[in-house]
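Open the model in your viewer and keep the sequence panel beside it. This tour goes stop by stop: select, look, move on.

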Amino acid sequence: MSTTFNTATRTNGWGYKQGTSMSGPHATGVAALALSAHPGMTPGQLASFLERTAEARSCPAGVYNPVPLIPTGPHAYDATCSGGARNGFYGAGTVNAYNAVK
């Protein structure tokens, strides 16, 4: 969930969001926790560590469409995930704060 702004009603609210604007702050926070528990890692070591401690996420079944009601058409952003433990949707997986600090 994230804060939203409705331009039609000019009101604030909450809404589901996705993508790098949502995952970036989460991954950055876990990276900071990892460095606090394991100081001295280089950027490359940290990146590798976060990938090794992430939880793999498998591809969802079928076609994914994040915006089915977009005016350019109901299939304008259809996407199909490919790959195994490392895939086109989730990369190495979801960073895991507990795994990063233990």
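**Stop 1: the disulfide**

This is a predicted model. Select Cys59 and Cys81 and show their side chains as sticks. The torsion about their S-S bond is about -55°, so this disulfide is left-handed. Both cysteines sit in the loop between α2 and α3 (97-101), yet the pair links distant parts of the chain, 22 residues apart. The S to S distance is 2.1 Å. How many disulfides does the structure hold? It holds one. In general, a disulfide is a covalent bond between the sulfur atoms of two cysteines.

Now turn on the surface. Is Cys81 buried or exposed? Cys81 has a relative accessible area of 12%, so it is buried. Cys59 has 24% relative accessibility and therefore counts as partly exposed. The cut-off behind these two calls is 20%: buried means under that value.

**Stop 2: two helices that cross**

Select residues 20-37 for helix α1 and residues 43-53 for helix α2. Color them separately. The two helices pack at an angle of about 110°, and their axes are 11 Å apart. Angles of 65 to 115 degrees count as roughly perpendicular, and α1 and α2 therefore fall in that class.

Which residues make the contact? On α1, pick Val30, Ala31, Ala34 and Leu35. On α2, pick Leu46, Phe49 and Leu50. By class, this contact has seven nonpolar residues, with no polar and no charged ones.

**Stop 3: Ala47**

Stay on helix α2 and select Ala47. Its relative accessible area is 39%, so Ala47 is partly exposed. Draw a distance from its C-alpha to the C-alpha of Ala31. The viewer should give 8.4 Å. These two residues are 16 residues apart along the chain. Ala31 belongs to the α1 side of the helix contact from the previous stop.

**Stop 4: Thr53**

Move along helix α2 to Thr53. Thr53 is buried, because its relative accessible area is 13%. Show its side chain and the backbone of Phe49. A polar atom of the Thr53 side chain lies 2.9 Å from the backbone oxygen of Phe49. Phe49 also takes part in the contact of α2 with α1.

Next, show what surrounds Thr53. Leaving out residues up to four places away in sequence, Thr53 touches Asn96, Asn99 and Ala100. Take Asn96 from that list to the next stop.

**Stop 5: Asn96**

Select Asn96, in the loop between α2 and α3. Buried or exposed? Asn96 is buried, with a relative accessible area of 14%. Look for a polar atom of its side chain 2.9 Å from the backbone nitrogen of Tyr98.

Then expand the selection around Asn96. Again leaving out residues up to four places away in sequence, Asn96 touches Val30, Thr53, Ala54 and Glu55. Two of these names have come up before. Val30 is one of the α1 residues in the helix contact, and Thr53 is in helix α2.

**Stop 6: Arg10**

Finish at Arg10, in the loop between β1 (2-6) and β2 (11-15). What is its phi? Arg10 has a positive phi of about 55°, although it is not a glycine. Bring the surface back. The relative accessible area of Arg10 is 61%, so this residue is exposed. Set that beside Asn96, which is buried.

Definitions and conventions. Residues numbered from 1 in each chain as written. Predicted model: local features only at pLDDT ≥ 70, side-chain atom pairs only at ≥ 80, totals over all residues. Heavy atoms only, no water. Axes fitted to C-alpha atoms, helices over the stretch in contact; angles between N-to-C directions. Helix = DSSP H or I, 4+ residues; strand = E, 2+ residues; numbered from the N terminus. Parallel < 35°, antiparallel > 145°, perpendicular 65-115°, else oblique. Contact = heavy atoms within 4.5 Å. Nonpolar A, V, L, I, M, F, W, Y, C, P; charged D, E, K, R; others polar. Disulfide = S-S within 2.5 Å. Buried < 20%, exposed > 50% of the residue type's maximum accessible area, 1.4 Å probe, protein only. Polar contact = N/O pair within 3.5 Å; in protein donor to acceptor, adjacent residues only side chain to side chain.
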